[in-house]
Amino acid sequence: MGRDSMRVGRVEQIKSWFKNHPYAIALCYLAFYLSVFHWLEVNIEPEYIIHCKLDEMIPFCEVFIIPYVFWFPYVGGTFIWFKRRGWQDYSKLCTMVFSGLTICLIIYYVFPTGLNLRLASNPHETGFLYNMVSMLRAIDTPTNVCPSIHVMNTVMIFQAICSLENLKHRKLTIAVHFVIMVLICASTVMLDQHSVIDVVCGVMMSFVLHGLIYKVEWKEELARRKANAEIRRIS
C-alpha cells in the first residue's frame, strides 16, 4: 500500500506540474514528435505510392503556398489561445492533436508511403511564390504522406473551436475558421504535397479522435443541430 500511495502521489505531482506549466506539454511533445519524424524521414523508405485518378485532375497552383505555410502560425497560435482559455479546453486540444500525431507516426513506420505527384508538377517558373514552393519541397520530402498531418490538425482545430460553448453561435467566427480550414486542406493537393487519399484519411482520423475525446455522439449531434435549425427557421 505504501508503494502504491507513493506512485499515485508522484502521478498527481506530475499532473499538477504540467497543469501549472501548460506550455511544457506542447514543447515536450514537439521535441518527441520532431525527433521521431526526422528518424522516419531518414531511415524509412516508402513502400507504397499513394495515388488516385482525381489527383491528375487537380491543377498545380502556386498561390496556395500562402495557406499552406500559414498552417504553421495558425496551429501555434491556436494552442496559445486555447491555453489562455483554461486548462480543460487546452488539455482536450492537446490530447486530440497529440494522439493523432502519435498514431500518424506509427502508421508511417508500419505503412511507409510516398508520392510521385511532384515529378509532373515541378515548379519551373520564377517569382516569389514559385521560390517558396521550391524551398518547401527542398525541406519536405514526398514521404510519410498518408494520412496528411496538415489536414488532420487543421480539421481538429476547427472541430475544437466548434466545440467551445461560447463560440457555437458566433457564425462569423466559425465561418472564418471554416474558410481557413478549407484553404489549408485545399493547399495540400493544389501544391501536389498530398494525394486526395491523404486528405480523406486525415479528415477521417480527425473525426474519429474528436468523437472519442470530446465524446461526441454524431447522430445525436446532427439531430440536435437539425432541430435547432428548424426552430430558428420557424421563429
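**Entry 1: His194 and its surroundings**

I began at His194, which, leaving out residues up to four places away in sequence, touches Leu115, Leu117, Val145, Ser148, Thr188 and Val189. I note at the outset that I am reading a predicted model. His194 sits in the loop between helix 8 and helix 9, the latter covering 196–213. Is His194 buried or exposed? I looked up its relative accessibility and found 9%, and because the cut-off for buried is under 20%, His194 counts as buried. I then checked its side chain for polar partners and found a polar contact with the side chain of Asp198, at 3.2 Å. Asp198 is itself one of the buried residues of helix 9.

In the loop that holds His194 I also looked at Asp192, which lies between helix 8 and helix 9 as well. Asp192 is not a glycine, yet its phi is positive, at about 60°. Its relative accessibility is 7%, so I entered Asp192 as buried.

**Entry 2: helix 9**

Moving on from the loop, I looked at how helix 9 starts, and found a side-chain oxygen of Ser195 reaching to within 3.1 Å of the backbone nitrogen of Ile197. Helix 9 has 18 residues, and from its first C-alpha to its last it reaches 26 Å, close to the 26 Å expected at 1.5 Å a residue. Its buried residues include Val196, Val199, Gly202, Met205, Leu209 and Ile213, and also the polar residues Ser206 and His210. Just after helix 9, I found Lys215 with a positive phi of about 55°.

**Entry 3: the loop between helix 6 and helix 7**

Since Val145 and Ser148 are on the list of residues touched by His194, I turned next to this stretch of the chain. Which peptide bond here is cis? The bond joining Cys146 and Pro147 is, with omega at about 0°, and Pro147 is found in the loop between helix 6 and helix 7. Asn144 has its place in that loop too, and I noted its positive phi of about 50°, although Asn144 is not a glycine. With a relative accessible area of 5%, Asn144 is buried.

**Entry 4: helix 4**

I asked what span helix 4 should have. Helix 4 runs over residues 65–85, and at 1.5 Å a residue its 21 residues should span 30 Å; the C-alpha atoms at its ends are 31 Å apart, so the two values agree. I did find a kink of about 30° in helix 4, at Trp71, shortly before the proline Pro73. Trp71 is buried, as are Ile65, Pro67, Tyr68, Tyr74, Val75, Thr78, Phe79 and Phe82 of helix 4. Looking for what these buried residues pack against, I found helix 5 (87–110), helix 6 (128–139), helix 7 (149–162) and helix 8 (171–190). After helix 4 comes Gly86, with a positive phi near 145°.

**Entry 5: helix 5 and the cores**

Helix 5 has 24 residues and reaches 34 Å from first to last C-alpha, close to the 34 Å expected at 1.5 Å a residue. Among its buried residues I listed Tyr90, Leu93, Met96, Phe98, Leu101 and Tyr108, together with Ser91 and Gly100.

Which residues have the most contacts inside the largest nonpolar core? That core has 53 residues, and the ones with the most contacts inside it are Phe79, Leu93, Met96, Phe98 and Leu101. At least two residues of this core come from each of helix 2 (22–43), helix 4, helix 5, helix 6, helix 7, helix 8 and helix 9. Apart from this core lies another one, of 5 residues, including Ile50, Leu115, Val145 and Cys146. Leu115 and Val145 I had already met as residues that His194 touches. I then followed Leu101, which, leaving aside neighbours within four places in sequence, is in contact with Tyr29, Tyr33, Ile149, Met152 and Asn153.

**Entry 6: the chain overall**

Finally I stepped back to the protein chain, which has 10 helices and 2 strands, in the order α-α-β-α-α-α-β-α-α-α-α-α along the sequence. Of its 235 residues, 41% are buried. Taking contacts between residues at least 6 apart in sequence, I found that 85% join residues at least 24 apart. The chain exposes about 14,200 Å², of which carbon and sulfur atoms supply 67%.

Note on methods
Residues numbered from 1 in each chain as written. Predicted model: local features only at pLDDT ≥ 70, side-chain atom pairs only at ≥ 80, totals over all residues. Heavy atoms only, no water. Helix = DSSP H or I, 4+ residues; strand = E, 2+ residues; numbered from the N terminus. Expected span 1.5 Å × (residues − 1). Bend = angle between axes of the 7 residues up to and from the residue. Buried < 20%, exposed > 50% of the residue type's maximum accessible area, 1.4 Å probe, protein only. Contact = heavy atoms within 4.5 Å. Polar contact = N/O pair within 3.5 Å; in protein donor to acceptor, adjacent residues only side chain to side chain. Core = buried A, V, L, I, M, F, W, Y, C linked by side-chain atoms within 4.5 Å. Areas by Shrake-Rupley, 256 points an atom, 1.4 Å probe, with all protein chains shown as cover.
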